[in-house]
Structures are given as C-alpha cells and as structure tokens.
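Subject: Structure handover and notes

Dear colleague,

I am passing on the structure we spoke about, together with my notes on parts of its fold. Please keep it open beside this message while you read.

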Amino acid sequence: MNEALSEEIKTSASQIPEGWDELNIEDVLTIGSGKDYKHLNEGNIPVYGTGGVMTYVDGHLYDGDSVGVGRKGTIDKPIFLTGKFWTVDTLFFTHSFRNTIPRFIYYVFLTINWKRYNEASGVPSLSKTTIEKIKLLLPPLPEQQKIAEILSTVDDKIEAIEERIQQTKELKKGLMQRLLTKGIGHTKFKDSPLGEIPESWEVYSFSDLFEYIPTKSLSRSNLTNETTDYQYVHYGDIHTAFIFPIVNLNKTDLPYIANGLNGDLKLLKDGDLIIADASEDLEGVGKSIELTGIGEKKVVGGLHTIVGRDKLKKLALGFKPYLFLNEAVNKSLKRIATGASVLGISKGNLSKIDLLVPPISEQMQIADVLNSIDDKIEMLSEEQGVYQELKKGLMQQLLTGKKRVKV
C-alpha cells in the first residue's frame with residue numbers, strides 16, 4: 001500500500017482506539033528465514049521468492065497461514081501465504097502468532113512503508129531485528145477477525161475480476177491469431193511468405209505501406225504534467241501506460257513537453273502508427289499503438305519511437321497495430337531485434353518486414369471484433385480499480401480504528 005496510507009496508520013498510533021494495543025511486531029509473531037531448496041526434489045509444494053512462486057518441490061518449510069516479507073530486493077510487497085510452502089533466503093515468513101491472526105497481520109503489513117526501514121545503500125534490505133521493532137496497532141481478536149473478513153471479501157472480488165480479465169485476454173489472444181491469419185469466412189487460400197493466407201489478402205513490406213515521420217528524442221527530464229502547447233509520445237508509455245493498441249487522446253493524457261523543443265516538427269495525425277523501437281525483453285519488441293482523437297492537439301513522436309503514416313491508403317483506422325500482432329510477423333520482429341541489455345529495431349530492418357493486409361472492409365470487421373474485446377477488458381479493469389479504491393479506503397478507516405466494526 002502507498003506511503004500516504006502508511007503515514008495515516010502511523011499518525012493514528014499516537015491516539016490508540018479504546019481496547020486496542022500498541023505492540024512491537026516481535027510481541028505478536030516470530031519471523032522465520034527462508035532457505036535454499038536445491039536439495040529437494042520436484043513436487044507440488046510452492047517455493048516463494050519476493051516475486052511470487054519460483055518453482056515446486058517435495059518438501060515444506062512451514063505449513064499454515066503466514067505473511068511473507070522481502071529480506072532483500074523487493075522489500076515492500078508483503079504476500080499472504082497459506083498451506084505448505086517453502087521460502088528462499090530473500091523472503092522472510094511469519095509464524096507462531098500470538099493474540100493475532102495472520103490475515104489481519106497481512107493487511108497491516110500492507111500499510112507499512114517498508115522502504116523507510118531499508119538498511120542498504122544498494123539493493124534494498126531488511127533485517128529481523130529492524131522488523132521486530134516496528135510498532136503495530138492491534139484490536140482484540142474478534143475485531144481483527146471481522147476486519148480481516150471485510151477486507152478479504154473485497155480482495156476476493158478484486159481477484160475474481162482479475163481472473164475474468166485474464167480469461168478475456170486469453171480469449172482475445174486465440175481469436176486474434178485466427179482472425180489475423182485466416183480472416184473471416186474464407187474458403188480459398190494461397191501461399192505467401194507468411195504462410196497460407198486468404199486469397200483476397202495481400203503481402204506488403206513495411207516500407208511499401210508506410211512513410212516514416214520524424215520524431216523528437218527527448219528524455220523524461222524534458223517532460224511535464226503541466227499543460228503546454230505540445231504533447232509527447234514516449235516509448236516507455238507505449239510499454240506501460242497504454243493498455244490497448246488503439247489510443248484515443250480524448251480519453252488519454254499524454255505527457256507535455258516542458259523544454260527542449262526546437263527545429264522543424266512533424267505533428268502526428270489520426271491513424272499514425274507509433275512503434276517502440278526499444279525494449280528490455282523480446283515480448284516488447286515492436287509494440288505499437290495507433291492514435292485517434294488527436295483533433296487540434298499538437299502531438300509529437302518521441303524518444304525511441306518510430307512513426308509510420310499510411311501512404312497507400314490501404315489500411316483502416318483502428319487496424320494498424322494488429323498488423324504486428326500476427327504471430328509470423330511478431331517472430332520476424334524478434335529476429336531483427338539487436339542489443340544486449342536493451343533490444344532495439346532499426347528503420348532499415350523494419351522496412352523489410354512483411355505484413356499481411358486484408359481488404360479494408362475485412363480489416364474493419366476484424367478490428368471491431370478485437371476492439372470489442374478490448375472494451376470488455378477496459379470495463380473490467382475500471383471495475384477492478386473501483387474495488388481497489390474501496391479497499392484502500394476501508395484500510396484507512398478499519399486499520400486505524402477510525403471506523404469500528406461490530407463484533
């Protein structure tokens with residue numbers, strides 16, 4: 001949970017609610033250390049690190065409910081553990097709970113600003129001694145149980161929505177590969193450099209379809225949240241901020257340019273394709289978005305982006321990013337990526353990539369189907385966000401005793 005919530009809990013500790021106690025962590029539980037699991041055989045018992053499940057083995061370090069806290073690396077993301085499990089050296093686990101319940105402790109741990117207790121200048125680290133001296137506000141056991149039940153109910157809802165989101169993404173993934181290679185309702189096919197395709201489809205190189213639009217390479221330090229004349233598409237946002245391949249600027253805020261803008265600029269238009277030409281992993285190579293809703297806005301392609309504009313007028317609005325989500329094309333993009341820690345694609349190599357182009361009417365049909373699934377994912381994500389905000393508000397009220405539950 002965020003630092004603001006942590007400070008909320010911390011501030012309220014000076015005003016202990018009636019019937020509650022202020023205790024050190026060491027007063028209510030014991031912290032256990034993770035161990036190496038390499039001597040164990042493969043099995044069905046999970047091995048946890050700070051990032052979650054690492055593998056499965058045939059032995060366990062603990063059996064029961066517990067809360068994992070990072071010892072080194074990711075120290076600020078506690079996880080709830082239950083049943084038989086093993087933890088590695090980078091993850092502490094809790095046990096021997098006294099006058100408290102693990103699920104309640106988990107929610108309290110989510111409010112702690114763990115980075116505040118970091119003991120290393122390099123990789124973040126925590127020690128048992130430091131953790132044990134952190135103070136907690138604890139209500140009586142029946143109230144702990146009730147609070148944990150309320151927050152667990154909200155968590156269950158968040159997890160159920162997440163499951164639906166993942167199921168919908170899997171549905172889209174399977175449907176997309178079929179639509180982008182076999183199309184809709186075709187019975188006649190032909191061979192192509194990208195495999196068997198519908199007879200009415202065509203294959204073009206990237207340079208046949210697109211002209212390159214100049215971009216402006218500015219770093220994050222040149223950007224601002226304040227409104228200025230120009231908005232900017234940064235490659236990092238393509239990887240992280242934009243959930244869907246079609247980005248409507250009537251609904252989406254781009255960062256503004258604070259300074260460093262000079263020289264001739266080529267402003268972007270509706271339908272321009274923007275490709276991230278750098279990525280830390282293969283999955284991100286060639287990730288692209290298509291902009292819509294630009295209107296009178298002044299938008300510039302930014303750092304580590306390649307902008308392509310449809311020059312043959314053979315591409316429907318809302319279809320262009322799907323050109324790169326075809327499995328065969330995606331493999332081609334990964335083959336042309338170069339680099340070590342950061343992978344990149346050049347305009348020269350990109351120009352030679354072959355792309356499958358259905359007739360415009362069919363592009364629109366395919367885009368409508370896939371965009372409707374994206375709309376479903378967006379709706380579920382918004383619903384999940386509502387429950388996440390609800391959980392945050394409940395934690396602020398219930399874990400500080402500002403709002404008491406009836407037992």
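Over how many bridges do strand S19 and S23 pair, and in which sense? In this model, which is a predicted one, strand S19 (residues 273-276) and S23 are joined by four bridges, and their pairing is antiparallel. Within that pairing, Ile275 is the residue that stands opposite Ile306 of S23. Strand S14 (residues 210-213) is likewise joined to S23 by four bridges, with the two strands running antiparallel, and there Phe210 has Asp310 of S23 as its bridge partner.

As for burial, strand S23 itself, which spans residues 305-310, is mostly covered, since six of its six residues are buried. The cover extends to both faces of the strand: on one side Thr305, Val307 and Arg309 are buried, and on the other side Ile306, Gly308 and Asp310 are buried as well.

The next part to look at is an open sheet, in which four strands follow one another in the order S2-S9-S6-S7 with antiparallel pairing. Its edges are formed by strand S2 (30-32) and strand S7 (79-81), each of which pairs on one side only, and neighbouring strands of the sheet are turned against each other by 35° on average, if direction is ignored. Inside the sheet, strand S6 (residues 66-70) and strand S9 (residues 91-95) are paired in the antiparallel sense over three bridges, and one residue pair to look for is Gly68 with its bridge partner Phe93 in S9.

Helix H3 (residues 102-111) lies across S6, S7 and S9 of this sheet, and its direction is at about 25° to that of S6.

The same helix also meets helix H5 (residues 141-182): the two axes come within 9 Å and cross at roughly 65°, and it is because of this angle that H3 counts as roughly perpendicular to H5. The crossing of H3 and H5 is left-handed. From H3, the contact is made by Arg103, Phe104, Tyr106 and Tyr107, while H5 contributes Gln144, Ile147, Ala148, Leu151, Ser152 and Asp155. By residue class, the contact of H3 with H5 comprises six nonpolar, two polar and two charged residues.

If you go through the model yourself, you could begin with S23 and its two partners, S14 and S19, and then turn to helix H3, which lies across S6, S7 and S9 and also makes the contact with H5.

With best wishes

Definitions and conventions
Residues numbered from 1 in each chain as written. Predicted model: local features only at pLDDT ≥ 70, side-chain atom pairs only at ≥ 80, totals over all residues. Heavy atoms only, no water. Pairing = 2+ DSSP bridges. Axes fitted to C-alpha atoms, helices over the stretch in contact; angles between N-to-C directions. Contact = heavy atoms within 4.5 Å. Buried < 20%, exposed > 50% of the residue type's maximum accessible area, 1.4 Å probe, protein only. Parallel < 35°, antiparallel > 145°, perpendicular 65-115°, else oblique. Left-handed = near helix turned anticlockwise from the far one by under 90°. Nonpolar A, V, L, I, M, F, W, Y, C, P; charged D, E, K, R; others polar.
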